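This report is meant for someone who is meeting the structure for the first time. It begins with one helix and then moves outward to the rest of the chain.

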Amino acid sequence: MTGILELFAKRHSFYDINDKISLKNSELEALIKKCMELYPSSFNTQSARLMLLYNQKHHYFWSLVEDKLLKTAPKDKTEDIKKRIASFAKGYGTILFFDDSNIVKELEKKMPLYADNFKNWSHQGNAILQFMIWSALSDKNIGASMQHYNPLVDDCVMTAFNVPKNWEFVAQMPFGGIESQPQPHSFNDIDGKILIEQ
Ligand SMILES: Cc1cc2nc3c(=O)[nH]c(=O)nc-3n(C[C@H](O)[C@H](O)[C@H](O)COP(=O)(O)O)c2cc1C
């Protein structure tokens, strides 16, 4: 395997991360900006928005998530929750992913024929951006995972981080140096999943 397939194979969900990465913040930000520039979006709307959290803001974010989870989850899950959240907070930073809902609303009005699709397409574009950043980080030996504590944490995060009201919170990506490789996961048989006709 070479080239882009090698990179795809290198990307994983890395949960055992630390706070040391090989890039300077300026290099990391340049990499993320490049992905933001290059990702495809429906009608080229470029509706994805990001927030990059370092240091105290990164820790503050995960403390908010932990508080919310501990208030809502059964008591016997307390230790598991604390352990999982601590594993994300141990990383170097977190990227928050949003969609600009104003853009979606404008398109729904402008092209009623496709109105039902725009929100979904916006999420799909966002997911492609997530994958590009996830892969670009892997390429630099930075481990990341995708987390979705939505909608549980949405209100408190929007307020705590002064997120514009039209930014819809869709996902969060804790990242950091790779402390250990994840266990390999199984792959389902590809047979029957791709139909080839000629
Ligand atoms: C749309 C999507 C949502 C996901 N949500 C979560 C999540 O909330 N928490 C998590 O730990 N992993 C999440 N994952 C990661 C998957 O569990 C993981 O990609 C899958 O098990 C394959 O493992 P790999 O990433 O190491 O290849 C998500 C992945 C995708 C594509």
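In helix α4 of this predicted model, the residues Glu79, Asp80, Lys83 and Ala86 are exposed and lie on the side away from the buried ones. The buried residues of α4 are Ile85, Phe88 and Ala89. Seen down the axis of α4, these buried residues fall within an arc of 95°, so they line one face of the helix. Among the elements that cover the buried residues of α4 are α3, which spans residues 55–72, and β5. The helix itself runs over residues 78–89, twelve residues in total, and its first and last C-alpha atoms are 16 Å apart, close to the 16 Å expected at 1.5 Å a residue.

A second helix, α6, covers residues 118–139 and contains asparagine 126. Is asparagine 126 buried or exposed? With 22 other C-beta atoms within 10 Å, asparagine 126 is buried, because a residue counts as buried once 20 or more such atoms lie within that distance. Leaving aside residues up to four places away in sequence, asparagine 126 touches Ala48, Phe97, Asp99 and Val170. One of these partners, valine 170, is 44 residues away from asparagine 126 along the chain, yet the C-alpha atoms of the two are separated by 8.4 Å.

Two other asparagines, both placed in loops, have a positive phi although neither is a glycine. The table sets them side by side.

| Residue | Phi | Loop | C-beta atoms within 10 Å |
|---|---|---|---|
| Asparagine 44 | about 55° | between α2 (25–38) and β2 (48–54) | 8, exposed |
| Asparagine 162 | about 50° | between α7 and β5 (167–178) | 7, exposed |

Asparagine 44 counts as exposed because 8 other C-beta atoms lie within 10 Å, and asparagine 162 is likewise exposed, with 7 C-beta neighbours inside 10 Å. A further backbone feature is found in the loop between β4, residues 142–144, and α7, residues 154–160, where proline 151 lies. The peptide bond that leads from asparagine 150 to proline 151 is cis, with an omega near 0°.

The model also holds a ligand, and which residues surround it? They are His12, Ser13, Ser145, Met146, Gln147, His148, Pro182 and His185. Sorted by class, this shell has six polar residues and two nonpolar ones, while no charged residue takes part.

Turning to the chain as a whole, the protein has seven helices and five strands, and these follow one another along the sequence in the pattern α-β-α-β-α-α-β-α-α-β-α-β. Of its 198 residues, 25% count as buried. Among the contacts with a separation of 6 or more, 83% join residues that are 24 or more positions apart; the contact between asparagine 126 and Val170, residues that are 44 positions apart, is of this kind.

How does the overall extent compare with that of a compact globule, and what is the radius of gyration? The protein has a radius of gyration of 18 Å, which agrees with the value near 16 Å that a compact globule of 198 residues would have. Taken along the principal axes, the C-alpha atoms fill a box of roughly 50 × 45 × 40 Å.

Terms used:
Residues numbered from 1 in each chain as written. Predicted model: local features only at pLDDT ≥ 70, side-chain atom pairs only at ≥ 80, totals over all residues. Helix = DSSP H or I, 4+ residues; strand = E, 2+ residues; numbered from the N terminus. Rg over C-alpha atoms; globule rule 2.2 N^0.38 Å. Buried ≥ 20, exposed ≤ 12 C-beta atoms within 10 Å, placed from the backbone. Contact = placed C-beta atoms within 7 Å. Near = placed C-beta within 6 Å. Nonpolar A, V, L, I, M, F, W, Y, C, P; charged D, E, K, R; others polar. Expected span 1.5 Å × (residues − 1). Arc of directions from axis to C-beta.
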